[in-house]
Amino acid sequence: MNYRKLFAEHKIIRDLSLVQFIAYFGAWFSNVAIYTMLVDFGSTELAISVVTAMHFLPAILIAPFSGAIIDRVKIKPLMITLLSIELLMTILFLTIDDKSEIWLLMIFIFIRMSAASMFFSTEMSLLAKLLSGKPLQKANEIHSIIWSFTYAFGMAVSGFIVNAYGVKIAFIIDAFIFFTALVVFIRIDFVVKASIASDKILELIKDGFFYIKNNKIILHLIFLHSCVGLTSFDALITILAKNEYKYIISVPLAIGLSNAVRAVALMFGPILLSKYVTKENLHYLMIFQGISIILWGLVQENFYISLIALFVVGLSTTILWSFTYALLQDKCDEKYIGRVISYNDMFFMLACVLTTLFIGLMASLTSVDIITILLGVGFLAFAFYYTRILKWI
């Protein structure tokens with residue numbers, strides 16, 4: 001099974017991939033504008049980290065409810081509603097004018113990311129209902145490649161747009177991007193098996209919680225997948241641009257280029273390495289990820305060399321994300337897929353939030369290179385953990 005064959009045999013995967021491409025481009029396009037606006041406001045490293053964390057926090061708080069809703073309601077109307085919310089919140093970004101309104105920005109980000117988180121969980125649940133085994137893993141990889149490409153292209157283009165025309169123009173363009181995604185998705189015609197869950201939401205939440213609690217391998221795989229949250233580098237890259245790279249290149253360009261280089265690696269990583277990765281040797285990829293992050297930390301003072309190191313860091317991240325996700329999807333009963341995926345996303349986002357807050361708090365205590373090295377060591381610990389649970393997978 002390759003990507004071309006998967007697209008040929010499953011039209012719905014092609015259609016969903018197009019929506020992913022447009023919506024994800026919009027999500028990353030506005031990030032450079034948000035971080036540039038924070039720097040222009042003279043925000044502290046901790047404030048930058050808190051706003052960054054607000055991108056991840058919704059998935060943690062709404063996971064029990066979103067999973068039950070996904071397993072209970074019709075998928076297409078739900079996804080249309082969620083895209084509409086993302087569009088509205090993007091438009092409201094235009095109302096932020098000074099530092100005193102950062103709290104309002106965080107509310108808008110929280111609402112938009114709540115919708116984005118549920119949209120993502122719904123889509124991943126849908127893929128698990130449509131596919132299994134190798135096709136499902138390939139669909140996850142396609143999802144990751146699209147995420148990475150739009151991350152790179154969105155960040156890079158936004159960096160130039162923000163640098164040339166300012167954050168307001170970037171937000172206006174972003175609103176049009178989300179509107180396009182909504183129109184494209186509405187026109188998609190797909191049918192999936194109706195939900196088999198008919199209990200009330202609170203009963204579904206309780207049932208899903210006990211299902212996960214009683215299936216230890218599900219718990220292990222959820223925790224394993226959360227290791228990718230250690231690559232939540234947005235705050236770290238913004239701090240580097242603010243404190244180090246601004247003397248070499250403008251802040252929006254430094255943020256955009258750094259994220260773009262990393263994301264290009266995220267896109268090409270699966271193409272280059274995926275065929276070599278198996279369940280039996282996945283821990284070696286985690287070790288490679290950890291070592292590459294440590295090496296990046298050692299060369300961060302030089303902007304251009306750090307771009308090369310950041311590219312190496314990104315090569316293994318996408319495969320780790322898609323492979324661990326597919327392991328979880330395959331081990332989960334279809335009846336509980338929405339709730340399990342939502343809890344999985346909750347733990348993943350919790351790892352992203354903790355990583356981001358760790359970066360923000362440690363930035364006042366030590367240098368960014370030490371922070372980066374510690375994140376790399378975290379991956380080495382996860383590699384050891386995987387060797388301990390491999391026999392149960």
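This section describes two helices, one buried residue and the internal cavities of a predicted model.

Helix α9 comprises the 14 residues 201-214. At 1.5 Å a residue the helix should span 20 Å, and its end C-alpha atoms are 20 Å apart, so the expected and computed spans agree. The buried residues of α9 are L204, I205, G208, Y211 and I212. Seen down the helix axis, these buried residues fall within an arc of 130°, and therefore line one face of α9. On the other side of the helix, L202, K206 and N214 are exposed. The packing partners of the buried residues of α9 are α4 (57-70), α10 (216-225), α15 (317-331) and α16 (337-362).

One of these partners, α10, contains I217. This residue has a relative accessibility of 19% and counts as buried, because the cut-off for burial is under 20%. The C-alpha atom of I217 is separated by 8.0 Å from that of K331, although the two residues are 114 residues apart along the chain. When neighbours within four places in sequence are left aside, I217 is in contact with W392 and I393.

Helix α14 was examined in the manner of α9. For its 12 residues, 303-314, a rise of 1.5 Å a residue predicts a span of 16 Å; the end C-alpha atoms are 16 Å apart, which agrees. Buried positions in α14 are F303, S306, L307, A309, L310, V313 and G314. These residues pack against α11 (234-243), α12, α13 (282-298) and α15. Helix α15 is thus a packing partner of the buried residues of α9 and also of those of α14.

The model holds 3 cavities of 30 Å³ or more. The largest cavity has a volume of about 800 Å³. It is lined by 37 residues, of which W28, F56, W147, F348 and M349 are the closest to its centre. The elements giving two or more residues to this lining are α2 (11-40), α6 (102-130), α7 (133-165), α12 (251-273), α15 and α16. By residue class, the lining of the largest cavity divides into 21 nonpolar, 11 polar and 5 charged residues.

Several elements recur in these descriptions. Helices α15 and α16 each give two or more residues to the lining of the largest cavity, and both pack against the buried residues of α9. Helix α12 likewise gives two or more residues to that lining and packs against the buried residues of α14.

Methods. Residues numbered from 1 in each chain as written. Predicted model: local features only at pLDDT ≥ 70, side-chain atom pairs only at ≥ 80, totals over all residues. Heavy atoms only, no water. Helix = DSSP H or I, 4+ residues; strand = E, 2+ residues; numbered from the N terminus. Expected span 1.5 Å × (residues − 1). Buried < 20%, exposed > 50% of the residue type's maximum accessible area, 1.4 Å probe, protein only. Arc of directions from axis to C-beta. Contact = heavy atoms within 4.5 Å. 1 Å grid on protein atoms, 1.4 Å probe; cavity = no way out; pocket = protein on both sides within 12 Å on 5 of 7 lines; lining within 4 Å. Points joined across faces, edges and corners; volume = space filled by probe spheres on them. Nonpolar A, V, L, I, M, F, W, Y, C, P; charged D, E, K, R; others polar.
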